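Student: I would like to learn how to read contacts, burial and helix packing from a model. Where do we begin?

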Amino acid sequence: MAGKGVNLLGLPRAELETFVAERLGAKPFRARQLMKWIYRRGAADFEAMTDLARDFRAQLAEVARISVPEIVTEQVSRDGTRKWMLRMDETQGIETVFIPEPDRGTLCISSQVGCAMDCSFCSTAQQGFNRNLSVAEIVGQVWLAHRELAAAGAAQADPSPARSITNIVFMGMGEPLANYRNVVPAMRIFLDDLGYDVSRRRVTLSTSGLVPQIYKLAQECNVALAVSLHAPNDELRNELVPINRKHPISELLAACWHYLEAQNGRSITFEYVMLAGINDKPEHARELARLLAGKPAKLNLIPFNGFPGTRYRRSPAAAILNFRDILNEYGVIATIRRTRGDDIDAACGQLAGRVTDRTLVRLGAKLAPVSTAAEIR
Ligand code: SAH
């Protein structure tokens, strides 16, 4: 995504206005025109922006650019789910997934190259962590998906609603709240009516539970929150989601209820991966129900998706149904997430991308000559 000039992709509206005023001596409405071209029409080339004066376009091309990540591969699942691997630089890749359903199209985007949270059941964790994505790299995923979906729709002469993006979820690679600085401006573009104009209930940030950032987000940005709970008590959650050792369940839940109050939100979705014999027993369901009954909470049960080298297995269907029924009996709304795109490794927790682990690089410096900056996978 390198190149000369300022990358306008992902620049918040106010910053774009300042940029056109200070660098180009232009009025703020030029910024609004630019945003329409970039996000609504998917323009990457100033020359295409025909309602801008020729001189202004030439001036723009001197000082600015619109750069998006490059697509390395595209895979389409039997069920219509699409997965793109995007090049972030020479060695790093991330993944973005589009999930079409009859009544909506969900784009699942990544926020980091790899992830440092180290959840024991997640394939991204095994890749290690390399770096945060920039605002342009986050917004660029939506920009590219729009373009690719439009092209796919045109090719099939059937641009049905299922081929367009109605929902955006941060459920790809990475912990979005660990990249707060870039994730929040990206979300502003998603919500902006001159950006992607997605309603705040249709942008979901999923977090493993970074409590201080949940409080911060509550003050700054209005989107739906999903929280990866995965266990009904600290002992088990410490094992599955190590950040719990720093921010235990009671603190996490307090942050969640604060978030709802500050945002005037309806409910928090708690994600719960179903791991056979680990967290899927009736007593876990009852403990979970006691934790969440009467609270503005919805449970989303995710059948575990396997990946090479994992020690976990998916809970049997009967155990998942029973788990849901127990929660429902206690008055806690629980739904089971349908597995999508698993034939192309696009399902929850299967995104691996291409990550060079910096943690390994650092350890490597200490442990030389044994370890090198190995490219995993
Ligand atoms: N870092 C964010 C986004 C993660 S991906 C977070 O932790 O919320 C979205 C969801 O998929 C999370 O709830 C995550 O815990 C879950 N997940 C991770 N690995 C999984 C796997 N192998 N099978 C099913 N779900 C998984």
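Tutor: With a definition: two residues are in contact when they have heavy atoms within 4.5 Å. Keep in mind that this is a predicted model.

Student: Leaving aside neighbours within four places in sequence, which residues is leucine 236 in contact with?

Tutor: Those residues are Ala231, Ile278, Asn279 and His284. Leucine 236 itself is part of helix H8, residues 234–240.

Student: Is leucine 236 buried or exposed?

Tutor: Buried means under 20% relative accessible area. Leucine 236 has 16% relative accessibility, so it counts as buried.

Student: How do I read burial along a whole helix?

Tutor: An α-helix has 3.6 residues a turn, so residues three or four places apart point the same way. In helix H3 (residues 54–63), the buried residues are Phe56, Arg57, Leu60 and Val63. Viewed down the axis of H3, they fall within an arc of 135 degrees and therefore line one face of the helix. Arg54, Asp55 and Glu62 are exposed on the other side of H3.

Student: What do the buried residues of H3 pack against?

Tutor: They pack against strands E1 (6–7) and E2 (64–65), and against helices H1 (13–24) and H2 (28–40).

Student: And how is a pair of helices described?

Tutor: Two packed helices are described by the angle between their axes and the distance between the axes. For H10 (residues 282–292) and H11 (residues 317–329), the axes come within 9 Å and cross at roughly 30 degrees. That angle makes H10 roughly parallel to H11. Their crossing is right-handed. By class, the contact has seven nonpolar, two polar and one charged residues.

Note on methods:
Residues are numbered from 1 along each chain as its sequence is written. This is a predicted model: local features need pLDDT of at least 70, side-chain atom pairs count only at pLDDT 80 or more; totals for chains, interfaces and linings use all residues. Side-chain values use heavy atoms; hydrogens and water are left out. Buried means under 20% relative accessible area, exposed over 50%, partly exposed in between (1.4 Å probe, protein chains only). Helices (H or I, at least four residues) and strands (E, at least two) are DSSP runs, numbered from the N terminus. The arc is that of the directions from the helix axis to the C-beta atoms. Axes are lines fitted to C-alpha atoms, for helices over the stretch in contact, and angles run from 0 to 180 degrees between N-to-C directions. Angles under 35 degrees count as roughly parallel, over 145 as roughly antiparallel, 65 to 115 as roughly perpendicular and the rest as oblique. A crossing is left-handed if the near helix is turned anticlockwise from the far one by less than a right angle, and right-handed if clockwise. Ala, Val, Leu, Ile, Met, Phe, Trp, Tyr, Cys and Pro count as nonpolar, Asp, Glu, Lys and Arg as charged, and the others, Gly among them, as polar.
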